[in-house]
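Biologist: Hello! I am new to this one, so could you walk me through it, starting with its charged pairs?

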Amino acid sequence: MVGDPLATADCLQITREVGFDHLLTGGKPYTTSCPLPFQADSVKTARDVTRRTLRGWGLHDLSDDAALVVSELVTNAVRYAMYAAGRREIELLLMRVAPHVLLAVADPSDEVPRPKEPDFVSENGRGLYIVETYSQCWGWDPLARGGKAVWALFRADD
């Protein structure tokens with residue numbers, strides 16, 4: 001649920017004007033970018049980077065929810081990147097645009113993320129449901145280099 005639609009729209013507009021491809025190059029203030037190898041333990045690395053970054057920004061209360069969402073996004077990226085031709089690198093991006101934090105995971109797959117009806121008995125299929133439940137909103141953007149960035153937006157109350 002979006003609490004402040006104007007602030008949310010402004011944050012998303014900034015990312016789209018600048019472009020995820022440019023943001024993923026890193027080195028911007030209040031932005032952390034981390035390349036992740038195409039392997040299952042990248043999920044733990046992404047969680048650790050997310051928690052460390054948010055705590056460094058003084059956003060301790062957000063770190064556990066954000067780490068859970070990042071786990072789901074990276075898991076999906078690892079799962080679907082295996083079908084992409086060519087490069088297999090995944091990239092994690094965290095960006096602070098007060099009062100929001102944007103988490104994005106870029107992968108080389110052009111497959112559009114599609115939420116499934118959650119099956120609470122099955123071991124998979126709940127990832128985007130979890131992302132939707134814990135974040136303010138989520139979506140995806142195509143990358144100019146191919147692939148996509150799947151993102152989740154959080155309200156960060158300092």
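**Salt bridges and strands**

Modeller: Gladly! In this predicted model, the side chains of Asp 48 and Lys 44 meet in a salt bridge, 2.6 Å from N to O.

Biologist: How many residues apart are Asp 48 and Lys 44?

Modeller: Both residues lie in helix 3, which covers residues 42–56. Their spacing is about one turn of that helix. In sequence, Asp 48 and Lys 44 are apart by 4 residues.

Biologist: Is Asp 48 buried, exposed or partly exposed?

Modeller: Buried means under 20% relative accessible area and exposed means over 50%, with partly exposed in between. Asp 48 has a relative accessibility of 30%, so the residue counts as partly exposed.

Biologist: Which residue forms a salt bridge with Arg 51?

Modeller: The two side chains meet with an N to O distance of 3.3 Å. Arg 51 lies in helix 3 and its partner in helix 4 (residues 63–81), so the pair ties together parts that are 13 residues apart in sequence. Arg 51 is partly exposed at 25% relative accessible area, and the partner, at 45%, is partly exposed too. That partner is Asp 64.

Biologist: And which residue forms a salt bridge with Lys 148?

Modeller: The closest N and O atoms of this pair are 2.9 Å apart. Lys 148 is in strand 5 (residues 148–155) and the partner is in strand 3 (residues 100–107), so the pair links distant parts of the chain, 41 residues apart. Both residues are buried. The partner is Asp 107.

Biologist: How many salt bridges does the count come to?

Modeller: The pairs include Asp 48 with Lys 44, Arg 51 with Asp 64, and Lys 148 with Asp 107. The count comes to 3.

Biologist: Let us turn to the strands. How many residues of strand 2 are buried?

Modeller: Ile 90, Leu 92, Leu 94 and Arg 96 point one way from strand 2, while Glu 91, Leu 93, Met 95 and Val 97 point the other way. Residues on both sides are buried. For strand 2, that gives 8 of 8.

Biologist: Which residue stands opposite Met 95 in strand 3?

Modeller: Strand 2 and strand 3 pair in the antiparallel sense over 7 bridges. They form a hairpin with 2 residues between them. Opposite Met 95 stands Leu 102.

Biologist: Which residue does a cis peptide bond join to Ala 98?

Modeller: Most peptide bonds are trans. Here omega is about 10 degrees, and the bond is cis. The residue joined to Ala 98 is found in the loop between strand 2 and strand 3, and its name is Pro 99.

Terms used: Residues numbered from 1 in each chain as written. Predicted model: local features only at pLDDT ≥ 70, side-chain atom pairs only at ≥ 80, totals over all residues. Heavy atoms only, no water. Salt bridge = Lys/Arg side-chain N within 4 Å of Asp/Glu carboxyl O. Buried < 20%, exposed > 50% of the residue type's maximum accessible area, 1.4 Å probe, protein only. Pairing = 2+ DSSP bridges.
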